[in-house]
Amino acid sequence: MKELSISQVVQRTNIPSSTLRYYERIGLIRSIGRKGLQRIFNAQVIDQLLLISLGKQAGFCLTDIQTMLQNKLAPIDKAKLEQRACEIDQHIEHLEKLRQGLRHVVKCSFENPLDCAKFQKILQHSEQTALEKKTQ
């Protein structure tokens with residue numbers, strides 16, 4: 001079993017030691033001991049930290065991530081993961097429309113994009129998306 005000091009974990013992950021100590025305090029990760037004043041971790045902590053990072057990038061809060069990682073007896077809530085994947089799909093679709101709108105304005109022959117019918121449609125889509133988000 002390979003052991004890593006907290007400073008080695010920081011070097012490998014670019015996660016500040018204060019964050020690692022916080023994650024340990026709330027039970028997301030666990031040190032296996034100390035050498036002098038430094039915490040020592042099992043090398044598996046790198047994989048755990050990658051999963052935590054992935055969960056955060058996917059928009060899960062630390063409590064959700066902790067529940068997923070610590071409940072080894074119960075399967076991961078795949079419905080929750082699917083729901084989040086659908087939310088990400090919707091966000092990507094919105095960002096693609098936003099990008100199209102920006103690129104249209106750059107190439108638009110109208111001096112004022114508000115005079116352009118195509119840009120007006122883009123604005124209407126943006127307004128509809130904002131209203132849908134508000135009602136959710």
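User: Why is Gln70 called partly exposed?

Analyst: In this predicted model, the relative accessible area of Gln70 is 44%. Buried would require under 20% and exposed over 50%, so a value of 44% places Gln70 in the partly exposed class. Gln70 belongs to helix 4.

User: How far apart are Gln70 and Ile29 in sequence and in space?

Analyst: The two residues are separated by 41 positions in sequence, while their C-alpha atoms lie 9.6 Å apart. For another pair, Ala85 and Ile32, the separation is 53 residues in sequence and 34 Å in space, again C-alpha to C-alpha. Ala85 is a residue of helix 5 and, at 32% relative accessibility, is partly exposed.

User: What makes Glu24 and Arg39 a salt bridge?

Analyst: The rule asks for a side-chain nitrogen of Lys or Arg within 4 Å of a carboxyl oxygen of Asp or Glu. The closest N and O atoms of Glu24 and Arg39 are 2.4 Å apart, so the pair satisfies the rule. Since Glu24 lies in helix 2 and Arg39 in strand 3 (residues 38-42), the pair ties together parts that are 15 residues apart in sequence.

User: Is Arg39 buried or exposed, and how do you know?

Analyst: Arg39 has a relative accessibility of 19%. The limit for buried is under 20%, so Arg39 counts as buried.

User: How many salt bridges does the rule give?

Analyst: The count is four. Among them is the pair of Lys80 and Asp64, whose closest N and O atoms are 3.1 Å apart. Lys80 lies in helix 5 and Asp64 in helix 4 (residues 62-70), so this salt bridge ties together parts 16 residues apart in sequence. Lys80 has a relative accessible area of 30% and Asp64 has a relative accessibility of 22%. Buried ends at 20% and exposed begins over 50%, so Lys80 is partly exposed, and Asp64 is partly exposed as well.

User: What makes Glu87 and Arg84 a salt bridge?

Analyst: Their side chains meet at 2.9 Å, N to O, and the cut-off is 4 Å; therefore the pair qualifies. Glu87 and Arg84 are three residues apart in helix 5, so about one helical turn separates them. Glu87 is partly exposed at 32%, and Arg84 is partly exposed at 23%.

User: Which residues form the negative surface patch?

Analyst: The patch consists of Glu82, Asp89, Glu93 and Glu96. Glu93 is found in helix 5 (residues 78-107). A patch residue needs over 30% relative accessible area; Glu93 has 47% and therefore passes that test. With 47% under the 50% limit for exposed, Glu93 is classed as partly exposed.

User: What makes Leu98 eligible for a nonpolar patch, and what is its accessibility class?

Analyst: The relative accessibility of Leu98 is 46%, which is over the 30% required of a patch residue, so Leu98 is eligible on that count. Because 46% lies between 20% and 50%, Leu98 is partly exposed. Leu98 is a residue of helix 5. Together with Leu95 and Leu102, Leu98 forms a nonpolar surface patch with about 280 Å² of accessible area in total.

User: How many aromatic pairs does the structure hold?

Analyst: The structure holds one aromatic pair. Tyr22 and Tyr23 form this pair, with 6.4 Å centre to centre and 50° between the planes.

User: Why is the pair of Tyr22 and Tyr23 called tilted?

Analyst: The centres are 6.4 Å apart and the limit for a pair is 6.5 Å, so the rings do pair. Stacked planes are under 30 degrees apart and edge-to-face planes over 60; 50° meets neither condition, and the pair is therefore tilted. Tyr22 is partly exposed at 35% relative accessibility. Tyr23, with a relative accessible area of 4%, falls under the 20% limit and is therefore buried.

User: How do you know that Asn14 is exposed?

Analyst: Its relative accessible area is 69%, and exposed means over 50%; therefore Asn14 is exposed. Asn14 sits in the loop between helix 1 (6-13) and helix 2 (17-25). The phi angle of Asn14 is near 60°, a positive value in a residue other than glycine.

Technical notes
Residues are numbered from 1 along each chain as its sequence is written. This is a predicted model: local features need pLDDT of at least 70, side-chain atom pairs count only at pLDDT 80 or more; totals for chains, interfaces and linings use all residues. Side-chain values use heavy atoms; hydrogens and water are left out. Patches are made of residues with over 30% relative accessible area and no salt bridge: like charges are joined within 9 Å, nonpolar side chains (Val, Leu, Ile, Met, Phe, Trp, Tyr) within 5 Å. Accessible areas come from the Shrake-Rupley method with a 1.4 Å probe; for residues, only the protein chains shown count as cover. Lys and Arg count as positive and Asp and Glu as negative; His and the chain ends are not counted. The place of a charge is taken as NZ of Lys, CZ of Arg, CG of Asp or CD of Glu. Helices (H or I, at least four residues) and strands (E, at least two) are DSSP runs, numbered from the N terminus. Buried means under 20% relative accessible area, exposed over 50%, partly exposed in between (1.4 Å probe, protein chains only). Rings of Phe, Tyr and Trp (its six-membered ring) pair if their centres lie within 6.5 Å; planes under 30 degrees apart count as stacked, over 60 as edge-to-face and the rest as tilted.
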